[in-house]
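Welcome! Open the structure beside this page and work through the exercises at your own pace, trying each task before you read its solution.

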Amino acid sequence: MLVREAKLKDGTPEQYQALDEAIRTGQFIRNKCLRLWMDAEKVSRAKMQALCKDLAQEFPFAKRLNSMARQAHAARAWTSVQRFYENCRNGVKPVGYPKFKKHSRSVEYKTSGWKLSKDGFHLTFTDGFKAGTFSLYCNSKAREDILTSKINRVRVIRRADGYYAQFCLDVERVEEGTYTGEVVGIDLGLKYFIKDQNDNQVIYPQFLRKSEHRLKKLQRRLSRRHRQGKKQSANYYKARQQLGKQHLKVQRQRRDWAIKQAQALVASNDVVVYEDLKVANLVKNHNLAKSISDAAWSQFTDFLDYYGKVWDKAVVAVNPAFTSQDCHNCRHRVKKSLSTRTHKCPHCGIELCRDTNAALNILRRGMEILGIEWNQGTGGHPETSEKSGTTGETPTSVDSGKLESVSGVAEPVISESVKTEESPSF
Ligand SMILES: [Zn+2]
């Protein structure tokens, strides 16, 4: 699935209000379905869908939302219930008990309730809310994709700077990747955003720090203007609007940057191994700086997975336990605190940057998962990986021995973490 987005413009305030009502109604249906699941026993997906019909009869405003859109919101409730069950089964914590939504920002239409104009410049909503026609603002590439592909869903999303339509297209994005024979293991850290086994590093950029700083400032301003137990002033709402816009700006900057980094890394390597931090972050640190990097990391790794799929490359997430403690050379565990920046091994005498050591360990774990024998440290550009595994069991011998393919990298079995099928865009 491919997601393309366009801004909904040129609507009257009444039209946008109609979109708001549709969003509220979608939320109402989802919450009602959830309520049913909480109260009754053995609620199936079909029961939730049947409830949609009853709700439409009982509440006139629910009837105004397109019937397939109503079903889509019942499906949302069902998804959150399913995720909860799945987490319980797999021992994932927190289990994420489904919650009622209070401030939903989107409504989802399936294949009816809207109409796209022939040239792709206008979108009209045709259900009972009568939101009418909006102009679609997006780049020409996105417009072409929207016009030429089958549209499975249309989501309307409210953001701090306006309303957007998201088109979920029935297209699998697969492109020809360039295969380089290189492998990389990366350590995600606070000092460096990422560091690989060859000591290459990417530092979290200053411009992102600056706008995050402004975010904190606006947050303080908003708290200052908040009046406990009284009606809020106009200035409070102004500050709230500014904060919302700044959040959006930071989000977009961070996302663009994460995409660029992930693209560059996957494009120049055939195998990318990173540590799956979700396992490590069970103990949450409430430091803001930390949470910001958390957000950037998970977005970055989501895009690594995504581009791995698009370009048919192996992107592997490994367990991060002890990656910075263990010696990559003799595998002895060397205890060190967070502030110790170098790894000094008393057993084999090796000395190097702690993050580089971690990257080496991460790379080894990834290679073990893929079943590739890997001898670190030797250079060269072996012509492995590009569909070499398809020839059979004979291991492709490699001039330098850097990457000896046993099972081949052409069709990687990505074990530990295979994430969502669709492009990570929210
Ligand atoms: Zn050692």
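Two strands count as paired if DSSP finds at least two bridges between them. Keep in mind that this is a predicted model.

**Exercise 1. Which strand does β6 run antiparallel to, and how many bridges join the two?**

Start by finding β6 at residues 151-159, then look for β7 at residues 162-169. These two strands are antiparallel, and eight bridges join them. For one example, take valine 156: its bridge partner in β7 is alanine 165.

**Exercise 2. Place this pair in its sheet: what is the order of the seven strands?**

Read across the open sheet and you get β2-β6-β7-β1-β5-β4-β3, with antiparallel pairing. Next, look at the two ends: β2 (106-109) and β3 (114-116) are the edge strands, each pairing on one side only. Finally, follow the turn of the sheet, where the twist from one strand to the next averages 30°.

Now add a helix. Helix α1, residues 13-39, packs on this sheet and touches β2, β5 (132-137), β6 and β7. The direction of α1 makes about 80° with that of β2.

**Exercise 3. Describe how α1 meets helix α4: at roughly what angle do their axes cross?**

As a reminder, two packed helices are described by the angle between their axes and the distance between the axes.

Step one: locate α4 at residues 67-90. The axes of α1 and α4 come within 8 Å and cross at roughly 45°. Step two: name the arrangement. Angles from 35 to 65 degrees fall outside both the roughly parallel and the roughly perpendicular ranges, so α1 is oblique to α4. Step three: give the hand, which is right-handed.

Step four: list who takes part. On α1 the contact includes Gly26, Ile29, Cys33 and Trp37, and on α4 it includes Ala69, His73, Ala77 and Val81. The residues of this contact divide into eight nonpolar, two polar and three charged.

**Exercise 4. Turn to the sheet of five strands: which strands stand at its edges?**

First write down the order of this open sheet, β10-β9-β8-β11-β12, where the pairing is mixed. β10 (201-202) and β12 (314-318) stand at the edges; each has a single partner strand, so one side of each is left without a neighbour in the sheet.

Then examine one pair. β11, residues 271-275, pairs with β12 in the parallel sense over five bridges. Within this pair, valine 273 stands opposite valine 316 of β12.

To finish, find helix α10 at residues 354-370. α10 lies across β8 (183-188), β9 (194-196), β11 and β12, and runs at about 130° to β8.

Note on methods: Residues are numbered from 1 along each chain as its sequence is written. This is a predicted model: local features need pLDDT of at least 70, side-chain atom pairs count only at pLDDT 80 or more; totals for chains, interfaces and linings use all residues. Helices (H or I, at least four residues) and strands (E, at least two) are DSSP runs, numbered from the N terminus. Axes are lines fitted to C-alpha atoms, for helices over the stretch in contact, and angles run from 0 to 180 degrees between N-to-C directions. Two residues are in contact if their C-beta atoms, placed from the backbone, lie within 7 Å. Angles under 35 degrees count as roughly parallel, over 145 as roughly antiparallel, 65 to 115 as roughly perpendicular and the rest as oblique. A crossing is left-handed if the near helix is turned anticlockwise from the far one by less than a right angle, and right-handed if clockwise. Ala, Val, Leu, Ile, Met, Phe, Trp, Tyr, Cys and Pro count as nonpolar, Asp, Glu, Lys and Arg as charged, and the others, Gly among them, as polar.
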